[in-house]
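Visitor: Please give me a close look at the ligand site, and then work outward from there to the parts around it.

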Amino acid sequence: MSEFAALGLSDWLVKQCQQLGINKPTPVQENCLPPTLEGRDVMGCAKTGSGKTAAFVLPVLQKLSEDPYGIFCLVLTPTRELAYQIAEQFRVLGKPLGVKDCIVVGGMDMVTQALELSNQPHVVVATPGRLADHIRSSNTFSLRRIQFLILDEADRLLEQGCTDFSSDLEVILGALPAKRQTLLFSATLTDTLQELKNIALNEPSSGRANPSETRTVEELDQRYILTPEKVKDAHLVHLIQTFTDEHHDWSIIIFTNTCKNCQVLTMMLREFNFPTISLHSMMKQKQRFANLAKFKASVYRILIATDVAARGLDIPTVQVVINHNTPGLPKIYIHRVGRTARAGRNGVSITLVTQYDIHLVHSIEEQTQTKLKEFPTDEKEVHKILTQVNVARRECEIKLEASDFDEKKEINKRKQMILEGKDPDLEAKRKAELEKIRSRKKKFKERIQESMEQQKQAQVKKSIRKPGPKAGPKAGPKAGPKAGPKAGPKAGPKAGPKAGPKAGPKAGPKAGPKAGPGPWSKDHIEAQTWRMSTDSGRHLDAAEMGGFTVTFATELDKERAHPPFCTVVANSTTIRKSWRDVCLTNSVIYCNTRVENRHIQVECSVSSGGRSLWPPIHR
Ligand SMILES: Nc1ncnc2c1ncn2[C@@H]1O[C@H](COP(=O)(O)OP(=O)(O)OP(=O)(O)O)[C@@H](O)[C@H]1O
């Protein structure tokens, strides 16, 4: 007797399995088949590529063959591609039974789906959003008699990721009978265990093989490459070149974090003549299916995808998975790398890690209980192509910006809002209002910070003015230590506006009256000068070169329309600098003259379009 038969599977199904090369049950099938056939709820948690789909398809088909009617079974899954893959398994394994299935996913014609649903299919495979739409809008079908509810990638369906299924699930669960069998499957069930148990209603049998073992398969060689962000693409091109040179029949999936990045990388790799195709949620559904079909048929050997392809896809030819970005969550990593090394085959995963992602690698290693090994690369070769690759990428980015990619994104967003019953224009208005409030708050905060900074600087200035050993003999008779016992307290905090003229022998008439107490007075400039000198440890040099640090970027930013000019008078020499120069020198204005004394007299003003901008109080 075959091992499948020993688990309680009917002869016709055992034969069907054998025809498909499924001879010996995998551990998850061994654990899940008997309780499902007994009528119990089941939670099947097993590694990627371990045959979880057959673990629920086989018992459902057996039960269906005993009492066939429609709609008998509902399978929910997070992605459209996965829905088609599951439906195919029902069709292939249930061929002798003539199983009628119906796929209900977004991006496809709703009327056709409604017609198919009303024809009482045996099995409905759906993504939650579209099925909930049908339940809300139509009464031509009923899910009240279903025997099986299956949540594939159950943890994804329950978590609140970028797509939140919770409200759709509520609608769907409300349309189902309480008396049913619920089967929950994923390679990463642990995080959402309690919610899953609630959905299962009856205490579910756990189909987990061994909870303490590693969470990725042994056949997977898990590697990483530590790289600076800007060398990442060169590493990617080099890796693909190496793999395609060495293996003609290998397929590669590259995961990246955004649709735009996916598109840019696809364009860039095509520039290097790699047969590349993409899969992301901003593509039309028909295009998504077509691209996946071409990749499965090895017409294209490289698929660049977002996490829309991270779960469930079963493509045996995939030998390599490259993570162009390190996944933020270990479970996303587990699913991504699980696209290779499936059903006992070998595979390699390579994660490109920047210095900022090292902590992510640590948590991946902790969760998977596997240490990632470094992938040996020829750095010299990578650096040889660095400029070429980065230029190609930039060109592709420019091309994409020139296309209507961002516009399409907006249109898709609007469509999504309309589907969710929201008014896109109203939402846009609300968003703009929110943005205004946020920016007002931000400006307010900045102003407070600025004034605090000014207060601090004023204090620094006052403390500098205190006669100390550094002000020394050059600071003039009154400010220096020789000024006698009274010099200290007078030059101290109470010295205020008078500190300017008394600070040194060259204080001169110009500096005197204008050196008011306000934050934008030239005293302020001096304070800044001193602060910069001491901070940078170039106390004397800065003064000798006549360098003055002036902090006015926030004030000037508002005036970009008329490029402002900055006029500095240092020891009677006037220099005029354009705003651009000031920017380029990091707000340090350098005088042309060599200054003999550290106590330089400075006047600084900034004007724009004939108007004086700075300092606002004194000029
Ligand atoms: N008992 C078996 N013996 C050999 N191959 C099997 C067996 N059961 C399933 N398979 C094959 O293993 C492959 C992976 O199966 P499946 O897609 O169900 O994995 P999975 O556990 O659902 O993976 P994932 O977690 O990535 O969704 C399929 O190609 C399937 O046909």
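Guide: What follows starts at the ligand, goes on to one arginine beside it, and then takes up the strands, some loops and the chain totals.

This is a predicted model, in which local features need pLDDT of at least 70 and side-chain atom pairs count only at pLDDT 80 or more, while totals for chains, interfaces and linings use all residues. Residues are numbered from 1 along each chain as its sequence is written, and side-chain values use heavy atoms, with hydrogens and water left out.

Around the ligand there are 18 residues, of which K24, K52, T53, D314 and R342 come nearest; a residue is near a molecule or strand if one of its heavy atoms lies within 4 Å of it. Two backbone approaches can be named: a polar backbone atom of G49 is 2.8 Å from an oxygen atom of the ligand, and for S50 the corresponding distance is 3.0 Å. K52 approaches with its side chain, where an N or O atom is 2.6 Å from a ligand oxygen.

R342 is among the residues that come nearest to the ligand. R342 sits in the loop between α14 and β13. Helices (H or I, at least four residues) and strands (E, at least two) are DSSP runs, numbered from the N terminus. With a relative accessible area of 10%, R342 is buried; buried means under 20%, exposed over 50% and partly exposed in between, with a 1.4 Å probe and protein chains only. The side chain of R342 makes a polar contact of 2.7 Å with that of D314. A polar contact is a pair of N or O atoms within 3.5 Å; within protein, one must be able to donate a hydrogen and the other to accept it, and residues adjacent in sequence count only if both atoms are side-chain atoms. Apart from residues up to four places away in sequence, R342 touches T48, G49, G312, L313 and D314, where contact means heavy atoms within 4.5 Å.

The loop between α14 (330-337) and β13 (347-353) also holds A341. A341 has a positive phi, near 55 degrees, and is not a glycine. A341 counts as buried because its relative accessibility is 3%.

Both elements that flank this loop belong to the next part of the picture. Seven strands form an open sheet with parallel pairing, in the order β10-β11-β9-β12-β13-β8-β14; two strands pair if DSSP finds at least two bridges between them. At the edges are β10 (276-279) and β14 (373-374), each of which pairs on one side only. Within the sheet, β9 (residues 251-255) runs parallel to β11 and is joined to it by four bridges, with I253 opposite L303 of β11. Helix α14 packs on this sheet and touches β8 (220-226), β9, β12 (318-323) and β13. The direction of α14 makes about 150 degrees with that of β12; axes are lines fitted to C-alpha atoms, for helices over the stretch in contact, and angles run from 0 to 180 degrees between N-to-C directions.

Leading into β11 (302-305) is a loop from α13 (285-296), and S298 lies in that loop. Like A341, S298 is a non-glycine residue with a positive phi, here about 60 degrees. S298 is partly exposed, at a relative accessible area of 21%.

β2 (73-76) comes next, together with the loop that precedes it from α4 (52-66), where I71 is found. The peptide bond between G70 and I71 is cis, with omega about 0 degrees. In a regular strand the side chains alternate between the two faces of the sheet. In β2, C73 and V75 point one way and L74 and L76 the other, and all are buried. β2 pairs in the parallel sense with β4 (residues 123-126) over four bridges, V75 being the bridge partner of V125. β2 also pairs in the parallel sense with β5 (residues 148-152), again over four bridges, and there C73 is partnered by F148.

After β2, T79 lies in the loop to α5 (80-93). T79 is buried, at 12% relative accessible area. Beyond its neighbours within four places in sequence, T79 contacts T127 and V308.

For the protein chain, the secondary structure comes to 26 helices and 20 strands. Of its 619 residues, 49% are buried.
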